[in-house]
Amino acid sequence: MQNRAAFLTRDDKDFSAGSYEFRVRRLRLKLEGFVYSPKLTYKIQLAFSRGDMDWDMTQESQVNTSVNIVRDAVVYYEPWKDLKFGFGQTKLPGNRQRVVSSGDQQFADRSIVNATFNMDRDFGFFGAYRRNYFAVLGSVTSGEGRNSSGSNSGLSYTGRIEALPFGAFADKNDYQEGDLAREQKPKLSIGASYNFNDDAVRAGGQLGRDLFAKTDMETFSLDLLFKYKGFALYSEFMQRNCSNPITYTSDTLSVQPVFTGYGFLQQVSYLFKSNWEIALRYAEVTPFSSVYNNPDFTSVNLKKNQEFQLGVTRYLYGHRVKVQGNLLYQLTGDLRAKTDAGKFGAIFQIELGI
């Protein structure tokens, strides 16, 4: 459970609240176990908060037509210790920050880079092979995202590789933010992911509004994680390319673009022995000129966004019980007009979990 209070100013000169946010950001139920044999496991995760269901009734959608309570519903078979196969709906092996659970974040939310380019969840077949110094993961999925009402002829193909030159992290510490394990030796993980979504029908591939025409979409990410004695450093680069980034109706009166471009994220943090943590984040996303200065579609003008954030967290029982406070500054740039507009914000959040 994540209970949140937040506000955002009108601009960087008017500090009166432009918006308030008081809500249950996430409320989830997770079930894990095995059936018949410990080699045959399952994971079920359900979401109950309004903002956690990947559905907006104001959007006309043919792909995603109802609220999405089911986040994960997957069965795994593990014939050997290092090899695992999965079938069902779960996260794709994409960028690291998306794969890290929302309950293991050191800020109240993931970055704007992840929000713009991540591949989220999908239904299909999954595989993973992990050893002490490397990991190889892959999937073949429907491409329409979680709980879609149907699938077209195009599929989505995802692959990821990870290199761990100093060996494995302690207790899966490479997939939670901050260094709560206080690694006694330097640990490094370098990862790369690639996704190709054939005939994508949503603006974010597995996420977003319906497109007016199918399009091929590819997303690439690179990430680096370093941890040592409470210090953590994380960097991430993502880029999306699309064969047809602006889709439109036959009369061209309505358009739906795909955010093609790139993003960069940098996070650094230190966990004190008192279990107080301070973290800094810089993130930016920049569109390609085809979606902000396209002479054939002058109404499409996607913006560059930057985010500067300070986070303070008090861990009471690891990531399961924590209190978080974030201060942020958002800068939106109109690349066509060459103007910028900034806003300040703050978030207070309490998380309880088991």
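**Cavities, cores and loops of the predicted model**

By class, the residues that line the largest cavity comprise six nonpolar, six polar and four charged ones. The structure examined here is a predicted model, and it holds two cavities of 30 Å³ or more. The volume of the largest cavity is about 110 Å³. Its lining consists of 16 residues, of which Q176, E177, G178, L225 and Y234 are the closest to the cavity centre. Two or more lining residues are supplied by each of the elements α1 (96–99), β11 (210–228), β12 and β15 (261–271).

The second largest cavity encloses about 40 Å³ of space. Its lining is formed by F117, M119, N195, N197, G204, G205, Q206, M217, T219 and R240. Here the elements that give two or more residues are β10 (187–202) and β11. Sorted by class, this lining has three nonpolar residues, six polar residues and one charged residue.

One member of that lining, Q206, is located in the loop between β10 and β11. Despite this loop position, Q206 counts as buried, since its relative accessibility is 1% and the limit for burial is under 20%. Residues up to four places away in sequence being excluded, Q206 touches L92, M119, R121, D122, G143, E144, G145, S156, N195 and N197. Among these contacts, M119, N195 and N197 also belong to the lining of the second largest cavity.

At the level of the whole chain, the secondary structure amounts to two helices and 19 strands. The radius of gyration is 20 Å, close to the 20 Å that the globule rule gives for 354 residues, and the chain is therefore as compact as a globular protein of that length. The C-alpha trace spans about 60 × 50 × 35 Å along its principal axes. Of the 354 residues, 47% are buried. Among contacts with a sequence separation of 6 or more, 60% are made by residues 24 or more positions apart.

The largest nonpolar core contains twelve residues, namely I112, V113, F117, L164, F169, L225, Y234, M238, F259, L265, A283 and V285. At least two of its residues come from each of α2 (112–117), β12 (231–242) and β16 (276–287). The greatest contribution is that of α2, with three residues. A second core, separate from the largest one, has six residues, including A200, A203, L211 and V258.

Within the largest core, A283 illustrates how the chain is brought together across sequence. When its neighbours within four places in sequence are left aside, A283 is in contact with S111, I112, V113, F264, L265, N305, Q306 and E307. Of these partners, I112, V113 and L265 are themselves members of the largest core. The core and the cavities also share residues: L225 and Y234 belong to the largest core and are among the residues closest to the centre of the largest cavity, while F117, another core residue, lines the second largest cavity.

Two residues stand out by their backbone geometry. In general, most residues other than glycine have a negative phi. K229, although not a glycine, has a positive phi of about 50°. This residue is found in the loop between β11 and β12, and K229 is partly exposed, with a relative accessible area of 42%. N275 likewise is not a glycine and has a positive phi, in this case of about 70°. The loop between β15 and β16 holds N275, which counts as partly exposed at 31% relative accessibility.

Two further loop positions were examined. T252 is placed in the loop between β13 (246–248) and β14 (255–257). With a relative accessibility of 47%, T252 counts as partly exposed. T252 and F297 are separated by 45 residues in sequence and, C-alpha to C-alpha, by 9.1 Å in space. N147 occupies the loop between β8 (134–141) and β9 (156–163), where N147 is partly exposed, its relative accessible area being 27%. For N147 and Y262, which are 115 residues apart in sequence, the C-alpha to C-alpha distance is 28 Å.

Definitions and conventions: Residues are numbered from 1 along each chain as its sequence is written. This is a predicted model: local features need pLDDT of at least 70, side-chain atom pairs count only at pLDDT 80 or more; totals for chains, interfaces and linings use all residues. Side-chain values use heavy atoms; hydrogens and water are left out. A nonpolar core is a set of buried Ala, Val, Leu, Ile, Met, Phe, Trp, Tyr and Cys residues joined through side-chain atoms within 4.5 Å. Buried means under 20% relative accessible area, exposed over 50%, partly exposed in between (1.4 Å probe, protein chains only). Helices (H or I, at least four residues) and strands (E, at least two) are DSSP runs, numbered from the N terminus. Contact means heavy atoms within 4.5 Å. On a 1 Å grid over the protein atoms alone, a cavity is a set of points where a 1.4 Å probe fits but cannot get out, and a pocket is an open set with protein on both sides within 12 Å along at least five of seven lines; lining residues have an atom within 4 Å of a point. Grid points are joined across faces, edges and corners, and a volume is the space filled by probe spheres set on the points. Ala, Val, Leu, Ile, Met, Phe, Trp, Tyr, Cys and Pro count as nonpolar, Asp, Glu, Lys and Arg as charged, and the others, Gly among them, as polar. The radius of gyration is taken over C-alpha atoms; the globule rule is 2.2 Å times the number of residues to the power 0.38.
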